[in-house]
Amino acid sequence: MPRPKSEFDALYPCDFYTPAELLNDDAMYTVYEIARLLQDLDPDAELEAGTEDVLLDWAIPWVLYHGDELVVAEPPSDEDPGYYGLKTDDEA
């Protein structure tokens, strides 16, 4: 159910990193690593499953929204996630 803005102590801008701000142009990342980076966490940070699920709720739409700025690579195996990276001029 919606809540009035007045019930919150503080409101913040809904700003997200651009791919160029978030990702190194010579590295590829899983969506799990991107989720951590979006929260200023180390890409290898240990998280509880519930926390990781919440972060993925933010990361997946971010990847879709910025898809034209990203490249994708096949996962190493069927059990592994795919990898995403910053599209460079050579890959445009």
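# From His66 into the helices and the sheet

Setting aside neighbours within four places in sequence, His66 is in contact with Tyr17 and Pro19. The model is predicted. His66 lies in the loop between helix H3, residues 49-65, and strand E2, residues 70-73. Is His66 buried or exposed? His66 has a relative accessible area of 9%, so it counts as buried.

Next, the helices. Two packed helices are described by the angle between their axes and the distance between the axes. For helix H2, residues 31-38, and H3, the axes come within 8 Å. The crossing angle is roughly 100°. H2 and H3 are therefore roughly perpendicular to each other, since angles from 65 to 115 degrees fall in that class.

Which residues make this contact? From H2 come Val31, Tyr32, Ile34, Ala35, Arg36 and Leu38. They meet Glu52, Leu55, Leu56, Trp58, Ala59, Ile60, Trp62 and Val63 in H3. The residues of this contact divide into twelve nonpolar, no polar and two charged.

H2 deserves a closer look. Seven of the eight residues of H2 are buried, so the helix is largely enclosed by the rest of the structure. The buried residues are Val31, Glu33, Ile34, Ala35, Arg36, Leu37 and Leu38. What do they pack against? Their partners are helix H1, residues 19-22, together with E1, H3 and E3.

Tyr32 also sits in helix H2. Its relative accessibility is 33%, so Tyr32 counts as partly exposed; the buried class needs a value under 20%. Beyond its neighbours within four places in sequence, Tyr32 is in contact with Glu52, Leu56 and Pro81. Glu52 and Leu56 are among the H3 residues that meet H2. Tyr32 can also be placed relative to Asp44. The two are twelve residues apart in sequence. In space they are 9.0 Å apart, C-alpha to C-alpha.

Now the two ends of H2. On one side is Thr30, in the loop between E1 and H2. Thr30 has a relative accessible area of 7%, so it counts as buried. Leaving out neighbours within four places in sequence, Thr30 is in contact with Pro81, Gly82 and Tyr83. Pro81 is a contact of Tyr32 as well.

On the other side, just after H2, comes Asp40. Asp40 belongs to the loop between H2 and H3. What is notable about its backbone? Asp40 has a positive phi of about 60° although it is not a glycine. Relative accessibility is 61% here, so Asp40 counts as exposed.

The nonpolar side chains come next. In soluble globular proteins, nonpolar side chains tend to be buried together. Here the largest nonpolar core has 15 residues. Those with the most contacts inside it are Leu22, Leu23, Ile34, Leu38, Ala59, Trp62 and Val63. Which elements give two or more residues to this core? They are H2 and H3. Several of these names are familiar from the helix contact: Ile34 and Leu38 in H2 take part, as do Ala59, Trp62 and Val63 in H3.

Leu23 links several parts of the fold. Not counting residues up to four places away in sequence, Leu23 touches Tyr29, Ile34, Leu37, Trp62, Leu70, Gly85 and Leu86. Among these, Ile34 and Leu37 are buried residues of H2. Leu70 and Leu86 stand opposite each other, with Leu86 in E3.

That leads to the sheet. Three strands form an open sheet in the order E1-E3-E2, and the pairing is antiparallel. Which strands lie at the edges? The edge strands are E1, residues 28-29, and E2, each of which pairs on one side only.

E1 and strand E3, residues 83-86, pair in the antiparallel sense over two bridges. Met28 stands opposite Gly85 in E3. Tyr29 stands opposite Tyr84 in E3. How many bridges join E2 to E3? There are four, and these strands run antiparallel.

The pieces can now be put together. H2 and H3 cross roughly perpendicular to each other and both give residues to the largest nonpolar core. The buried residues of H2 also pack against H1, E1 and E3. His66 sits in the loop that follows H3 and precedes E2, in contact with Tyr17 and Pro19.

Terms used
Residues are numbered from 1 along each chain as its sequence is written. This is a predicted model: local features need pLDDT of at least 70, side-chain atom pairs count only at pLDDT 80 or more; totals for chains, interfaces and linings use all residues. Side-chain values use heavy atoms; hydrogens and water are left out. Buried means under 20% relative accessible area, exposed over 50%, partly exposed in between (1.4 Å probe, protein chains only). Contact means heavy atoms within 4.5 Å. Axes are lines fitted to C-alpha atoms, for helices over the stretch in contact, and angles run from 0 to 180 degrees between N-to-C directions. Angles under 35 degrees count as roughly parallel, over 145 as roughly antiparallel, 65 to 115 as roughly perpendicular and the rest as oblique. Ala, Val, Leu, Ile, Met, Phe, Trp, Tyr, Cys and Pro count as nonpolar, Asp, Glu, Lys and Arg as charged, and the others, Gly among them, as polar. Two strands pair if DSSP finds at least two bridges between them. A nonpolar core is a set of buried Ala, Val, Leu, Ile, Met, Phe, Trp, Tyr and Cys residues joined through side-chain atoms within 4.5 Å.
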